[in-house]
Amino acid sequence: MMKTIVAGLAGTALLTTVAFAQSPTATTDKAAPAATTATTTTTTASGQWRTSKMDGLKVYNEANENIGTINDLLMDKSGDIKIAVIGVGGFLGMGEHLVAVPYEKLKFVNEAVAYTGTGTGTGAKPAATTTTGAATGTADTKPAATTTSSTSKWYPDHAVFNASKDELKNMPEFKYSE
């Protein structure tokens, strides 16, 4: 019986030591949200686009024909986006042909694609050149285009790439290496 009491006291002492060891980490957890709050309140992202919103963004050519969608953005080790992977053709991702195009060749536009009033759905390029008027040509000027639209939108309306759908389909297929 004495051995049982000693074993019980020893077990209680071990559990108490573990409980006391956990107390200091609880106090450091309380300080962490204050540091996080200070960091997030000082950071602004005005005029920036979310890459997560770029996935699925429609890509048109300069004749306002839908030629595909952005499937992925690839960056180099310094974090600069270098390649846009565009999906051409297919239905709901099935049979889609992926091509890699240089990111700087894409122009991003905040305004919706303008169509003529013919009702055909294909539309012609508007006389006011809405598509190229707000588009930008280099990575350095892309954030400036976002300042023309509302700051609550975290992505452009669409991208423009100077190629036809057939030209994209004839490009070598992009495959992810394992």
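User: How much area does the chain expose, and what share of it do carbon and sulfur atoms supply?

Analyst: This is a predicted model, in which local features need pLDDT of at least 70, side-chain atom pairs count only at pLDDT 80 or more, and totals for chains, interfaces and linings use all residues. Residues are numbered from 1 along each chain as its sequence is written, and side-chain values use heavy atoms, with hydrogens and water left out. Accessible areas come from the Shrake-Rupley method with a 1.4 Å probe, and for residues only the protein chains shown count as cover. The chain exposes about 11,800 Å², and the share from carbon and sulfur atoms is 60%.

User: In what order do the elements of the chain run from the N terminus?

Analyst: Helices (H or I, at least four residues) and strands (E, at least two) are DSSP runs, numbered from the N terminus. The chain has 5 helices and 6 strands. Their order is α-α-β-β-β-β-β-α-α-β-α.

User: Is isoleucine 5 buried, partly exposed or exposed?

Analyst: Buried means under 20% relative accessible area, exposed over 50%, and partly exposed in between (1.4 Å probe, protein chains only). Isoleucine 5 lies in helix α1, residues 2-42. Because its relative accessibility is 46%, isoleucine 5 counts as partly exposed.

User: Which residues of the largest nonpolar core touch the most other members?

Analyst: A nonpolar core is a set of buried Ala, Val, Leu, Ile, Met, Phe, Trp, Tyr and Cys residues joined through side-chain atoms within 4.5 Å. The largest one has 19 residues, and those touching the most other members are Ile70, Leu106, Phe108, Phe161 and Leu168.
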